[in-house]
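Welcome! Here are some short exercises for getting to know a new structure. Have a look at it first, then try each task before you read its solution.

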Amino acid sequence: MKKTIQDVDITNKHLFVRVDYNVPQDESGHITDDARIRETLPTLRYLLERNAKIVLAAHLGRPKGKRNEKYTLKPVAARLQELLGQPVQFLNDCIGDEVVAARERQRAGTVILLENLRFHEGEEKNDAEFARALSVATEVYVNDAFGAAHRAHASTAGMVSFVKERGGAAVAGLLMAKEIEVLGNLLMNPVRPLVVIMGGAKVGDKIGVISNLIDKADTLLIGGAMAYPILKAMGKPNMDKSLLDPADVDKANKLLSTLQAHTNWRLPTDGLLTDRDAEDARVEFYSVDNFPPDLRAMDIGPETIQAYTDVIRGAKTIFWNGPMGRFETKSFANGTRAIAQALAESDATTVVGGGDSAAAVHQMGFAEAMSHISTGGGASLEFLEGKELPGVVALEDK
Ligand code: ADP
Ligand code: MG
């Protein structure tokens, strides 16, 4: 358990708040989804009510250590100002004289947003001098960027020791605290039965999570394109036409030896097959024992949907990562929709992780019905793999 902004005195203090404002933008730089900005508002309002002096820092895109106007956080400052209903001062850099002077002048209850941290090489390199420069004047360091917590960067990890050196505190924001609490409970003491559903595109990326969660889950359901290399490793015919990275078959073999020591897991028993990825493509259902050589699987079939939703109905805690099929094409979205709907109708604690899974749940209108949709794709997976996240480790224990 980590200390939060509710555990330290922040009144009138100089705060450095690391946030995740890595928002999607269109070609002309307009923000197409401001969810990440809105999600920080509870933390910011809490801090402003206590008259803190807030300095916000974030990254946007991959400018690779160089100033690049394409990745400026200026539009984010404008949107934040609208959402917050009070001025947000934007500074053209995240370190240097201008920043130091602005911080010295800063009045209580005001907000400054610094320019993109990744305009400096030192951010991703976790350079000590850059980290020290970021820490200037900070009395309380707050991390509310769960999505960046799996990276040991200057703003997520390196600067914390400099803040502490000067007697400052390092705590979690409300969003970060919620993520640690929900995902921590899921790992440490879930209400049982715990059902874990893993899908999506790559076994390679998720093998660590499956290996860790197979011991903790009462039932593990596997779907999506991730199932094909595992089915192939089991000797099922004609998986190669479907989305299947040859490199994943080796990994699937390894995973299979882990899985075979357990009995609490299921693979799809049938699939939806087609000859092309199109709305009007003809679809047929086949058992995984009989996939035809000329067709590819795009979704789980009706028998699997029935079996998986039955398991979900009996669950008290559910974690879902990875769509069951190519849901972006409507004719292949039924499996993903059925799972999302089963979660939405369940009275279990439901946690969704992963960018595409979260997008599916939003797009299909089930987001409000979930207990928690994680804001960190990679970070949530590393957390559930049992890895320590540098951005979490750096914060003070309760
Ligand atoms: P998340 O972002 O939720 O962790 P992934 O990135 O691992 O999920 O995978 C999501 C992608 O997997 C989606 O774009 C989806 O279309 C694709 N996918 C899942 N199943 C299939 C399939 N059977 N055939 C093709 N693509 C699939
Ligand atoms: Mg994804």
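**Exercise 1. Sort the residues around ligand 1 by class, then find the closest ones.**

Solution. Start with the classes: the shell around ligand 1 has seven nonpolar, eight polar and four charged residues. Keep in mind that this is a predicted model. Next, take the shell as a whole: 19 residues surround ligand 1, and the closest are Lys206, Tyr228, Glu328, Asp356 and Ser357.

**Exercise 2. Find polar atoms of the protein that lie beside ligand 1, and say how much of the ligand is covered.**

Solution. Step one is the backbone. A polar backbone atom of Ala201 lies 3.1 Å from an oxygen atom of ligand 1. Ala225 also offers a polar backbone atom, 3.1 Å from a nitrogen atom of the ligand.

Step two is the side chains. Tyr228 has a polar side-chain atom 2.7 Å from a nitrogen atom of ligand 1. With a cut-off of 3.5 Å for a pair of N or O atoms, these pairs count as polar contacts.

Step three is the cover. On its own, ligand 1 has 590 Å² of accessible area, and the protein covers 86% of that.

**Exercise 3. Which elements give two or more residues to the shell around ligand 1?**

Solution. Look along the chain for strand S12 (296-300) and helix H14 (355-363): these are the elements that give two or more residues to the shell. Of the elements, H14 gives the most, with three residues.

**Exercise 4. Place ligand 1 in a pocket and describe that pocket.**

Solution. First, match the ligand to its space: ligand 1 takes up the second largest pocket. Then note the volume, about 570 Å³. The lining comes next: 28 residues line this pocket, and Gly200, Ala201, Lys202, Pro323 and Asp356 lie nearest its centre. By class, the lining residues divide into ten nonpolar, eleven polar and seven charged. Finally, helix H9 (203-213), S12, H14 and H15 each supply at least two residues of the lining.

Two residues are worth a second look. Ala201, which has the backbone atom 3.1 Å from a ligand oxygen, is among the residues nearest the pocket centre. Asp356 is also listed there, and Asp356 is one of the closest residues to ligand 1.

**Exercise 5. Describe the largest pocket in the same way.**

Solution. The volume of the largest pocket is about 1200 Å³. Its lining is made of 37 residues, with Asp20, Arg36, Ser374, Thr375 and Gly376 nearest the centre. Helix H1 (35-38), helix H8 (174-188), H14, strand S15 (372-373) and helix H15 (377-384) are the elements that give two or more residues to this lining. H14 again gives the most, here with four residues. By class, there are ten nonpolar, 16 polar and eleven charged residues.

**Exercise 6. Look at the backbone at Pro193 and Asn126, and locate each residue.**

Solution. Begin with Pro193: the peptide bond from Arg192 to Pro193 is cis, with omega near 5°. Pro193 is found in the loop between H8 and strand S7 (194-198).

Now turn to Asn126. This residue is not a glycine, yet its phi is positive, at about 55°. Asn126 sits in the loop between helix H5 (121-125) and helix H6 (128-135).

Technical notes: Residues numbered from 1 in each chain as written. Chains lettered and ligands numbered in written order. Predicted model: local features only at pLDDT ≥ 70, side-chain atom pairs only at ≥ 80, totals over all residues. Heavy atoms only, no water. Near = heavy atom within 4 Å. Polar contact = N/O pair within 3.5 Å; in protein donor to acceptor, adjacent residues only side chain to side chain. Areas by Shrake-Rupley, 256 points an atom, 1.4 Å probe, with all protein chains shown as cover. 1 Å grid on protein atoms, 1.4 Å probe; cavity = no way out; pocket = protein on both sides within 12 Å on 5 of 7 lines; lining within 4 Å. Sits in = over half its atoms within 2 Å of the grid points. Nonpolar A, V, L, I, M, F, W, Y, C, P; charged D, E, K, R; others polar. Points joined across faces, edges and corners; volume = space filled by probe spheres on them.
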